[in-house]
Amino acid sequence: MSRADVCVVACADAWRGDGAVLASPTGLIPRLGARLAQLTFAPALLLTDGEATLTYDDEPEGWLPYRAVFGVVAAGTRHVMMGASQLDRFGNQNISCVGGWRRPARQLLGVRGAPGNTVNHTTSYWVPRHEPRVFVERVDMVSGVGHDRGAVEIRVVVTNLAVLDFATPDRSMRLRSVHPGVSVADVRAATGFPLVVPAEVPVSRQPTGDELALLRERLDPDGLREREIR
C-alpha cells in the first residue's frame, strides 16, 4: 500500500452517501477515487467521460450533453472535486492568479466554473502538494467561495499529507486525519494558518483488500497514481 492508495480512497470517501449525484473529479487521483466509489459503496454515483457520455466502469450508460450540465449545477445535484493553487481557512479557493490581481506575478486558469460550483452544490478539493504557499492566510483572488462567503458546502480537502474538513462552529478548516507516516506537526508546518486540531487525530483510512485489487488490477494497473503525489 502506498500514500497514493490512501489518497485515492480518501477521495472516494468524499462521495460517500451522496447518492445519485454527478461526480466531477479533476485530476487522476480524484477520478480514480470517484470510479472506486462507483464500483464499491456508491453504485448510484454518476460519472462522465468528460464530454457527453455518462459512464459506469468506463462503459457508456447514458447521455449528458454539456448544455445540460448547467441544469445539474443549478439544481445542486453535483459534487465536484477541484484543484486549488491557494486555499484559506474557510475554504476560499484561488485558481486565477498569484499576487495582486491588477498586476499578478503569475496568471493561472482564471475563475472557470469555481464560483457557480461553490454557491450551488457540494465542492471538495484535491491538493497533491500540501505546503504553506497553497494553504494561505488570505487567497490572492477568490475563485471558489468559502464558508465565510456563502459556499453551500466545502466538504473535504484531501492532500498528500492529510484529510481536512470544516466541522467547526465557524466552519473553518479542521484536521480530520493524517495519512500513515505523517504527524500532526508535519501538517501544521505545511499550513500557512492555524488549523483546528482535535485532541485525537486518527490515521486516514487505508484501502481494503478489495479496493487495492481494483486499483492495481483494473483501475490503474500501470500505477500512474504514484506520479500525482509530489
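Helix H1 gives four residues to the lining of the second largest pocket, the most of any element. This is a predicted model, so please read the details below in that light. The lining of this pocket is made up of Val9, Ala10, Asp13, Ala14, Arg155, Val156, Val163, Arg176, Ser177, Ser204 and Arg205. Besides H1, strands E11 and E13 (174–178) each give two or more residues to that lining.

Here are the two pockets, side by side.

| Pocket | Volume | Nonpolar lining residues | Polar lining residues | Charged lining residues |
|---|---|---|---|---|
| Largest pocket | about 1300 Å³ | 20 | twelve | ten |
| Second largest pocket | about 160 Å³ | five | two | four |

The largest pocket has a volume of about 1300 Å³. Of the 42 residues lining the largest pocket, Thr26, Met82, Gly83, Ile95 and Leu109 are the closest to its centre. The elements giving two or more residues to this lining are strand E1 (22–25), helix H3 (66–75), strand E5 (78–82), helix H4 (114–120) and strand E10 (122–127).

Let us stay with H3 for a moment. Which residues of H3 are buried? They are Val69, Val72 and Val73. These three valines cover an arc of only 100° around the axis, which puts them on the same side of H3. There is a familiar reason for such a pattern: an α-helix has 3.6 residues a turn, so residues three or four places apart point the same way. The buried residues of H3 pack against E1, E5 and H4. On the other side of H3, Arg67, Phe70, Ala74 and Ala75 are exposed. After the helix comes Gly76, with a positive phi near 80°.

Now to the interior. In soluble globular proteins, nonpolar side chains tend to be buried together. The largest nonpolar core here holds 29 residues, and Ile29, Leu36, Leu45 and Trp126 touch the most other members. Helix H1 (3–14), helix H2 (28–39), strand E11 (153–159) and helix H6 (209–219) each supply at least two residues of this core. H1 provides the largest share, eight residues. H1 therefore turns up twice in this account, as the largest contributor to the core and as the element giving the most to the lining of the second largest pocket.

Leu36 gives a closer view of the packing. Leaving aside neighbours within four places in sequence, Leu36 is in contact with Val8, Val9, Ala12, Glu211, Leu214 and Leu219. Apart from this core lies another, of 27 residues, with Tyr125, Ile154, Ala162 and Leu164 among them.

Two loop residues make a nice contrast. Thr168 sits in the loop between strand E12 (162–165) and E13. Is Thr168 buried or exposed? Thr168 counts as buried because its relative accessibility is 12%, below the 20% cut-off. Beyond its neighbours within four places in sequence, Thr168 is in contact with Arg174 and Val196.

Pro43, in the loop between H2 and strand E2 (47–48), is exposed, with a relative accessible area of 54%. Not counting residues up to four places away in sequence, Pro43 touches Ala37, Gln38 and Tyr56. The C-alpha atoms of Pro43 and Thr159 are separated by 25 Å, and the two residues are 116 residues apart along the chain.

Terms used:
Residues numbered from 1 in each chain as written. Predicted model: local features only at pLDDT ≥ 70, side-chain atom pairs only at ≥ 80, totals over all residues. Heavy atoms only, no water. Core = buried A, V, L, I, M, F, W, Y, C linked by side-chain atoms within 4.5 Å. Buried < 20%, exposed > 50% of the residue type's maximum accessible area, 1.4 Å probe, protein only. Contact = heavy atoms within 4.5 Å. 1 Å grid on protein atoms, 1.4 Å probe; cavity = no way out; pocket = protein on both sides within 12 Å on 5 of 7 lines; lining within 4 Å. Points joined across faces, edges and corners; volume = space filled by probe spheres on them. Nonpolar A, V, L, I, M, F, W, Y, C, P; charged D, E, K, R; others polar. Arc of directions from axis to C-beta.
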